[in-house]
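Trainee: Could you take me through how the features of a model like this one are to be read, beginning with the terms themselves?

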Amino acid sequence: MDIGISTFPTDYSADIAIIARRAEELGFDSLWVPEHPILPVNAASPWPGSADGVIPKVYADIVDPFVALGRASAVTSTIKLGTGICLVPERNPLLLAKEVATLDMYSGGRFLFGIGAGWHREETEIMGGDFAHRWTQTREAILAMKELWTKVESEYHGKYYDFPPVYSFPRPTQRPHPPVFLGGMARNVFRRVVDYGDGWMPNRVTPEQVKQGRATIDELAEGAGRDPSSISVSVFGQAPDRELIEQLQDAGADRVMIRLETLPEEEAIASIESIAEAVL
């Protein structure tokens, strides 16, 4: 079982470089940061993480994930670096493909591409996404990026993205490309994972849900002619509970990411050391 750390870096929290270096020293497998480019001041979309739907303030404060992970990569050498998650419909895949490949190159092939389609309608629409069909748009973006990552002359022709042959470099260090992990518990998430992903990355799930999800992925993968073992399960945003982690492992999880609260440097280092003592 691999154990990583997920955190929300801001301009008032510990430097992500310091967090990354300490996490690597302590033996964590990976470091994950999220994305919200903007949050509208006036919006009706409820946050799915609580009964009252109130969005935590930190969601509006987080920094750009690729800049943060690039900074983290410069002071580390082994810890994997992931987006948890990148909001694909809010980004242009021609630019995003280059960001992913560049980060993977500079980190020496350590990038893990956690993706999602978003839950905030107003944010998605302001950023140019088609909220009602965001997963269809996400699929197109990923397929377009796979062309850009794997071919010298790349082209893609779809509903949302349509471009003639182009050059797009650098290539990712990982071949054919960094693994693509689909977040969420959407109705069709397992079919999407098998169709164009390399892993499932659920949040706020129980061991029983993980067990059911793993079984569904295995069945769908076999039906599609894919090796089920080529698809991983990484459970996101968990508490530092050793018993829970063991239950998730027994249910079929390959990796668990523990939440590190957004804290100033001294408190953040103390917290990550406490987490390590509890779960590593």
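Mentor: Helices (H or I, at least four residues) and strands (E, at least two) are DSSP runs, numbered from the N terminus. By that reading serine 232 is found in strand β10, residues 232–238. This is a predicted model, in which local features need pLDDT of at least 70 and side-chain atom pairs count only at pLDDT 80 or more, while totals for chains, interfaces and linings use all residues. Residues are numbered from 1 along each chain as its sequence is written, and side-chain values use heavy atoms, with hydrogens and water left out.

Trainee: Is serine 232 buried or exposed?

Mentor: Buried means under 20% relative accessible area, exposed over 50%, and partly exposed in between, with a 1.4 Å probe and protein chains only. Serine 232 counts as buried because its relative accessibility is 16%. Contact means heavy atoms within 4.5 Å, and, not counting residues up to four places away in sequence, serine 232 touches Phe181, Asp198, Gly199, Trp200, Arg214 and Asp254.

Trainee: Which residues of helix α6 are buried, and what covers them?

Mentor: Helix α6 (residues 189–196) is mostly covered, with six of its eight residues buried, namely Val189, Phe190, Arg192, Val193, Val194 and Tyr196. Their cover includes β5 (111–116), α5 (134–150), β8, β9 (199–201) and α7 (207–223).

Trainee: Where does tyrosine 161 lie, and which residues does it touch?

Mentor: Tyrosine 161 is placed in the loop between β6 (154–157) and β7, and it counts as buried because its relative accessibility is 12%. Leaving aside residues up to four places away in sequence, tyrosine 161 touches Arg91, Pro93, Gln137, Glu140, Ala141 and Tyr156.

Trainee: How should a surface patch be read, and which residues form the nonpolar one?

Mentor: Patches are made of residues with over 30% relative accessible area and no salt bridge, like charges being joined within 9 Å and nonpolar side chains (Val, Leu, Ile, Met, Phe, Trp, Tyr) within 5 Å. A salt bridge is a side-chain nitrogen of Lys or Arg within 4 Å of a carboxyl oxygen of Asp or Glu. Accessible areas come from the Shrake-Rupley method with a 1.4 Å probe, and for residues only the protein chains shown count as cover. Here Val152, Tyr167 and Phe169 form a nonpolar patch on the surface, with about 330 Å² of accessible area together. Tyrosine 167 lies in the loop between β7 (162–166) and β8 (180–183), and is exposed, with a relative accessible area of 61%.
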